[in-house]
Amino acid sequence: MLYCSVSPVLGMWTENCIILTTVVALLQISMGARSQSENVQVLYPWRLKSATEGLARVRRAWVIPPIAVSENSRKIPFQLVQIKSDKLPSKVIYSIKGPGVDEDPKGIFTIDPDSGFVFLTTVLDREEKSSYKIKAYAVNETGMPLEEPTDLEIIVIDQNDNRPTFDQQYFIGHVLEGSPPGTLVMRVTASDADDPQTDNAALGYSIVGDGRGIFRIDPVTGEIRTVGVGLDRENISVYNLTLQVADLSGEGLSTTATAVIFIDDINDNAPEFIATEFTVEVSEDMVGSEIGHISVVDKDQPGTPNWLVDYTIIDGNDHGLFSIKTEPETNRGILLVEKGLDYEKADKHILTIEVKNKEAVSLGAPQALRSSAKVIVTVTDVNEAPRFVEDPRKLNVPEGLTAGSFLTVYTATDPDTKQQQNISYGIQYDPADWLMVDMNTGEIFVQQKIERGSPFLFKHRYTAVITATDSGEPPYTATGTLEINVTEVNDFPPILYPQYGFLCSQWDKDDGVLLWALDGDLEPHAEPFHFEIVPDDSEYSQNWTISHLNDTHSKLRARQDINEGTYSLQIRVSDSGQPRLSQDHILNVTICLCSVKGDCTPGVAAILGTHVGLSFGAAMVILASVLLLLFLILLVAVSDFLHRRLHHKGLLAASEDDIRDNILNYDEQGGGEEDQDAYNIDQLRNPDEVLPSTPTRGKQPIRRDAPFNYGQPQYPKRLPANPNDIKDFINEGLDAADNDPNAPPYDTALIYDYEGEGSLAETLSSITSRASDSDQDYDYLSDWGPRFKKLADMYGDH
């Protein structure tokens, strides 16, 4: 049997361990430290009788009540309890496990393995851990369990070893000024680490120091409320209260904190002007500028709507010349000029300005002594620029207006009526240079003829800029715009087209002659056009009719069959301008017979018809055509004659500007332009003539740069009289050219241009030189110097 013992001081033994342990725990709590110094041993019987008696025994687990021990006890080690087993005479080994033994925090409890005494080995702190649950074991020497494991619970008894603490060191609160008593401001909170079930954690709040007559705090809840009346932010805007909290309901350990209470502003003060009258001076040209500042005072909190003000001009600003706005940073009123002031009309303005808060003032607030003020604005005179009364000035001017014509008077006025000044006029912008202006009177005249087709017109509108400058100090200049609308004038009569036409003699086989007109004017002086036959009572009006097609076209038709011939009709074309212009035109209509298809082919009868004589214009056209035809025939005859004459001359005979005059031999290294005299070009132009200064055809001149020891080459003879010998003659010329290195083969050109009629010569492409390159040795050219070495290389390699 396992049992446990209690101290004999209790004076009793009991078989009911649960009741006894509970009593001991209560005694230990009530006795405090005294009970901790006594050696208490509680007997735990292992074996209990069952409710139904019998021969069999029932084993039960250990039931050990909680063991109470005070924190902060310095009696170490301290014996807590002894456990025993009745398994005798076997050797019993006791052990414990759990938090405080082999689990964190380790080393707080130990057990004597032989006697079963459990000891406390360190000072306990309830705030760190308020209880421990460990398990107790009993085994034999072989490690076999003798009893079932059981729980040991150690409860740490609290001591008042912790001061209460506020949740924060500074508490911030707000309350409106003028709040009634009992108004809640804020609630402060604190905590205590001791056992909340004991007085060690029972807190009490209080206010120490200043503020107790204005605020109070609930000792249990920590609520801070107002006590009295008369909270005035303008006097005291913030309160700093020292708060205290203590355990044991305010009698134990204590600590302090600070409560900062701000008195929030209400609009209990109306703004007031610092003076009843302000003076401002401004020049009359300061439009849109600040001209002065007006100040007020307001005792309410700056920057809030209770402090910000609005200014209003309630009198003296009927024309809206001034305005006033608030400067938010300073609450000052800024006075501005909205429209131009006129010193000549008023040199002084008296304004009445009222001021109010943006927010409404509290009902109980005192009335402001100076809620309005007067502002006297004095205007000073300055020189002002002239002003054109009408700007822009618009004019309608007819096109074609000639130079010297008067257009208008464009003048300006000077607002400085109290100053004696003169105004002079000029032109700043006149792109077409049409205008001139009288500098004294402002009269504008035409300088050049006004043309509607000028490139400086935009939509028939011309723009010029006129200036007006006063004589003030400093002088000022104003500009005025002159817009000239150039109007169209009906100065061109319409022109009829065409001037002739053809009609079938059978009136029902022809659609008529299409007539139209063109007019040099523009709308509204042009189309629609009106066509008519004049005179109205003539016989033509009885035989012909004109029908309207559209604004620009009409059609001429015959009323009946008309004989062939040419008829001259007088057609009058009128435009729609104001005034209307018209012009008569002669229309020559040829009447002819028409085929079945309606094609009109004028015949002799139509041309020579005697119904109406040809007009002078038509006769002149026919005569000019005949003269032109004769002139063309003569020109063709002359051209043919000249062509035949030139056909019998050489290729170069008709050329006065022979291109061979310009041949220069630039590959030579000497001679330059002087070398042009090496040839007589007249020999090329007149091969059959012998000039006095030139040798005959058989004796060509030697080039000036030719070697002195070289003999004359054999040139062809004169042209043979018999054309059959032309081929031999050409071959001789080619042979001479191939063997003459001193001169270019210009002599052959004199014979190639001969192409007599009936010549037996073949085409030039079939002629071959009788002396071929293979039979000719050109090595001797190298002896003539560097000028011919290149030629020797070319022919020698070939």
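Strands are DSSP runs of at least two residues in the E state, helices are runs of at least four residues in the H or I state, and both are numbered from the N terminus. With these terms, proline 528 can be placed in the loop between strand S37 (513–518) and strand S38 (530–533). The structure is a predicted model. The protein contains ten helices and 42 strands, and 36% of its 798 residues are buried.

**Overall features**

- Of the contacts between residues at least 6 apart in sequence, 66% join residues that are at least 24 apart.
- The accessible surface of the protein is about 47,100 Å². Carbon and sulfur atoms account for 53% of that surface.

**Strands S3 and S1**

- In a regular strand, side chains alternate between the two faces of the sheet.
- Strand S3 (residues 93–97) displays such an alternation. Tyr94 and Ile96 point to one face and are buried, whereas Ile93, Ser95 and Lys97 point to the other face and are not buried.
- Strand S3 pairs with strand S6 (residues 131–139) in the antiparallel sense, over five bridges. Within S6, alanine 138 is the bridge partner of tyrosine 94.
- Serine 70 belongs to strand S1 (residues 67–70). Serine 70 counts as buried because its relative accessible area, 5%, is under 20%.
- The side chain of serine 70 makes a polar contact of 3.1 Å with the side chain of glutamine 159.

**Nonpolar cores**

- In soluble globular proteins, nonpolar side chains tend to be buried together.
- The largest nonpolar core in this model comprises 25 residues, and Leu80, Ile96, Phe109 and Leu120 have the most contacts inside it.
- At least two residues of this core come from each of S1, strand S2 (78–82), S3, strand S4 (109–111), strand S5 (117–120), S6 and strand S7 (150–157). S6 contributes the most, with four residues.
- Leucine 120 touches Val69, Ile76, Pro77, Phe78, Leu80, Ile108 and Phe109, when residues up to four places away in sequence are not counted.
- A second, separate core has 24 residues, among them Leu401, Trp434, Ile444 and Ile466.

**Salt bridges**

- Side chains of opposite charge can pair when their charged atoms come close. The model has 13 salt bridges.
- Arginine 233 takes part in a salt bridge with glutamate 234, in which the closest N and O atoms are 3.3 Å apart. Arginine 233 counts as buried at 12% relative accessibility, while glutamate 234 is partly exposed at 23%.
- Arginine 233 also forms a salt bridge with aspartate 265, and here the closest N and O atoms are 3.2 Å apart. This pair links distant parts of the chain, 32 residues apart: aspartate 265 is in the loop between strand S16 (254–264) and strand S17 (272–273), and arginine 233 is in the loop between strand S14 (223–226) and strand S15 (238–246). Aspartate 265 is buried, with a relative accessible area of 11%.
- Glutamate 384 and arginine 387 meet through their side chains in a salt bridge of 3.2 Å, N to O. Glutamate 384 is buried at 10% relative accessibility, whereas arginine 387 is partly exposed at 45%.
- A network of salt bridges links Arg126, Glu127 and Asp158.

**Backbone details**

- Isoleucine 76 and proline 77 are joined by a cis peptide bond, with omega about -5°. Proline 77 is located in the loop between S1 and S2, and both Ile76 and Pro77 are among the residues that leucine 120 touches.
- Another cis peptide bond joins glutamate 527 and proline 528, with omega about 5°.
- Leucine 248, in helix H3 (residues 247–250), has a phi near 50°, a positive value in a residue other than glycine. Leucine 248 is partly exposed because its relative accessibility of 33% lies between the cut-offs of 20% and 50%.
- Lysine 459 also has a positive phi, about 55°, although it is not a glycine. Lysine 459 is in the loop between strand S32 (443–446) and strand S33 (461–470). Lysine 459 counts as exposed because its relative accessible area, 67%, is over 50%.

Methods. Residues numbered from 1 in each chain as written. Predicted model: local features only at pLDDT ≥ 70, side-chain atom pairs only at ≥ 80, totals over all residues. Heavy atoms only, no water. Buried < 20%, exposed > 50% of the residue type's maximum accessible area, 1.4 Å probe, protein only. Contact = heavy atoms within 4.5 Å. Areas by Shrake-Rupley, 256 points an atom, 1.4 Å probe, with all protein chains shown as cover. Pairing = 2+ DSSP bridges. Polar contact = N/O pair within 3.5 Å; in protein donor to acceptor, adjacent residues only side chain to side chain. Core = buried A, V, L, I, M, F, W, Y, C linked by side-chain atoms within 4.5 Å. Salt bridge = Lys/Arg side-chain N within 4 Å of Asp/Glu carboxyl O.
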